[in-house]
Amino acid sequence: MAQVVATKLLHNSFFSNGSLNNQSEKIKPAGFASSGRIIPSHHRILTVTARRTADLQVVPVTPEDIPKIGEQSYQVLGKGDSSVAMWSKPIIKRKTKIVCTIGPSTDTKEMIWKLAEAGMNVARLNMSHGDHSSHQKVIDLVKEYNAQHKDNVIAIMLDTKGPEVRSGDLPQPVNLASGQEFTFTIKRGVGTADCVSVNYDDFVNDVEAGDMLLVDGGMMSLLVKSKTEDSVKCEVIDGGELKSRRHLNVRGKSATLPSITEKDWDDIKFGVDNQVDFYAVSFVKDAEVIHELKNYLKSCGADIQVIPKIESADSIPNLHSIITASDGAMVARGDLGAELPIEEVPLLQEEIIRTCRSMGKAVIVATNMLESMIVHPTPTRAEVSDIAIAVREGADAVMLSGETAHGKFPLKAVNVMHTVSLRTESSLMSGGTLSSLNQAFKNHISEMFAYHATSMSNTLGTSIVVFTRTSSMAVLLSHYRPNGTIFAFTDNKRVQQKLALYQGVCPIYMEFSDDSETTFADALSLLKNQGMMKEGEHVALLQSGRNPIWRFQSNHNIQVRKVV
């Protein structure tokens, strides 16, 4: 079977005083370059290959297998002077991605361009607000940006409204005081100082006396005292200003509504027509919802990833099956903290991130991350810590909602998220350890090569270059969180946009040549010309994956090359 092969020669020659180029001739795999021509000496640095073999001993390649020579090979990961390191230090890019909700504050060409320059990676369309016309405008602007910027790309996420329970319209806001009575009714068109309509006909059946009703995730709370056939009478516990169309939750309960409503199906079709990259599906309770949506997308021939929002009490018992069926998950802490005790939210966030990481799925942390910056130019210190915790726990992305949709300081909010994420990542890179190759990732040689490529790049202090047409190898590399950037080259625009969400991946669109060496040279030249890598810097170049490009199915290769 195909195995990872390394020999004593690798360790002895790599750190000897002899010529690296001469020694590498002995371990260079045959047929790495399909062209058959001689590879320049500055490319023949180090190669690890997988091939069918019966007589070679298998030696795992991990950082512990590479001996230290003084501290030189590790100074690139610490605070030492990179000029004395064996390998040049790679240019650091932010790894954690930023999802920005587009709304009235940011739905112009000027603002979308500025958000992209500030660090936005994914543009989120919240289908709870606006109409198809306004969202079409944003989609067209994002696509225009992507067409003009080959080295940067913005993915599009469509977030469904879901089965939200909301209060009706009021002629003017109503001030609710603690202790007063207030009524919710399923009758349409009611909006007075002591009673308002609810948009959900089974609202009366879903609540019982003693339930705690939360408005906007807990901004106000009311205790259910009694109910009739069409009304629910409450006592105000925590008062405030009740406005039109406020979100309602019952603590510890989920509404008995389908996760995907008729409006959602209409919005999903709108997303298919516009080739969005991701669906964020609201109030997913079980995996059946995900299977239903994926089957629909398959029937449409749509390549759109499905990200369930974990925000209902019913979703927690089914968490594992939901994430297994999906392409990732979003920790939607607002409704999650309304339906469940708020002290459970940090623990659930950690559990959701850990579950997604163990399955190699993308995970987004959302809601209230910089809530104060909707109206203030600087964040609270607790909000800064909140971002740092999400980064340290391993989130692929952090999300801004009202901060960029209707906030006063959208660009400053993105900048805060960028700088806090970058600073937190720098502390992780100097002391992080590579996650183990668990059983879930042993079903294909590609998983093992992603693991060992990460191990090699971390030890040598290099970034990784990978070529992909399906995104699978770049996603695998992201799972192992290498210290360097993953430069994922693809000749498929849809794949490039999909990879914009994954931690540590810098997706770059480039036409592939029929000749592998020409493509490799073009890729390294592009990185150097765009300032992403420096001349003389080394990079780990990986050829693996389920769909071979320029190689035989049985050959998987890792090379270390110098940018010239």
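Select Leu 213 and Leu 222 to begin: in β10, Leu 222 is the bridge partner of Leu 213. This is a predicted model, in which local features need pLDDT of at least 70, side-chain atom pairs count only at pLDDT 80 or more, and totals for chains, interfaces and linings use all residues. Residues are numbered from 1 along each chain as its sequence is written, and side-chain values use heavy atoms, with hydrogens and water left out.

**The two hairpins**

Extend the selection to residues 212-215 and 220-227, which are strands β9 and β10, paired in the antiparallel sense over 4 bridges. Strands here are DSSP runs of E with at least two residues, helices are runs of H or I with at least four residues, and both are numbered from the N terminus. Two strands count as paired if DSSP finds at least two bridges between them.

Next pick Val 215, which stands opposite Met 220 in β10. The hairpin of β9 and β10 has 4 residues between the strands, and Asp 216 takes a positive phi near 55° there.

Move on to residues 231-238, strand β11, which pairs with β10 in the antiparallel sense over 6 bridges. For a marker on this pairing, show Ser 221 and its bridge partner in β11, Asp 238. β10 and β11 also form a hairpin, with 3 residues between them.

**The sheet around them**

Now show the open sheet of 6 strands, with the order β8-β7-β11-β10-β9-β13 and mixed pairing. Select 195-197 and 248-250 for the edge strands, β8 and β13, each of which pairs on one side only. From one strand to the next, the twist averages 35°.

**Helix α11 and its two partners**

Two packed helices are described by the angle between their axes and the distance between the axes. Select α10 (residues 345-359) and α11 (residues 381-393), whose axes come within 10 Å and cross at roughly 30°. Axes are lines fitted to C-alpha atoms, for helices over the stretch in contact, and angles run from 0 to 180 degrees between N-to-C directions. α10 and α11 are therefore roughly parallel to each other, a class that takes angles under 35 degrees. Their crossing is right-handed, meaning that the near helix is turned clockwise from the far one by less than a right angle.

Show side chains for the contact (heavy atoms within 4.5 Å): Gln 349, Glu 350, Ile 353 and Arg 357 of α10, with Ile 389, Ala 390 and Glu 393 of α11. These residues divide into 3 nonpolar, 1 polar and 3 charged. Ala, Val, Leu, Ile, Met, Phe, Trp, Tyr, Cys and Pro count as nonpolar, Asp, Glu, Lys and Arg as charged, and the others, Gly among them, as polar.

Keep α11 and add α13 (residues 410-429); the axes of α11 and α13 come within 9 Å and cross at roughly 45°. α11 and α13 are therefore oblique to each other, the class for angles outside under 35, 65 to 115 and over 145 degrees. This crossing is right-handed. Val 384, Ile 387, Ala 388, Val 391 and Arg 392 in α11 meet residues of α13, among them Val 416, Met 417, Val 420 and Leu 428. The contact of α11 with α13 divides into 8 nonpolar, 3 polar and 2 charged residues.

**Zooming out**

Finally, show the whole chain, with 17 helices and 23 strands.
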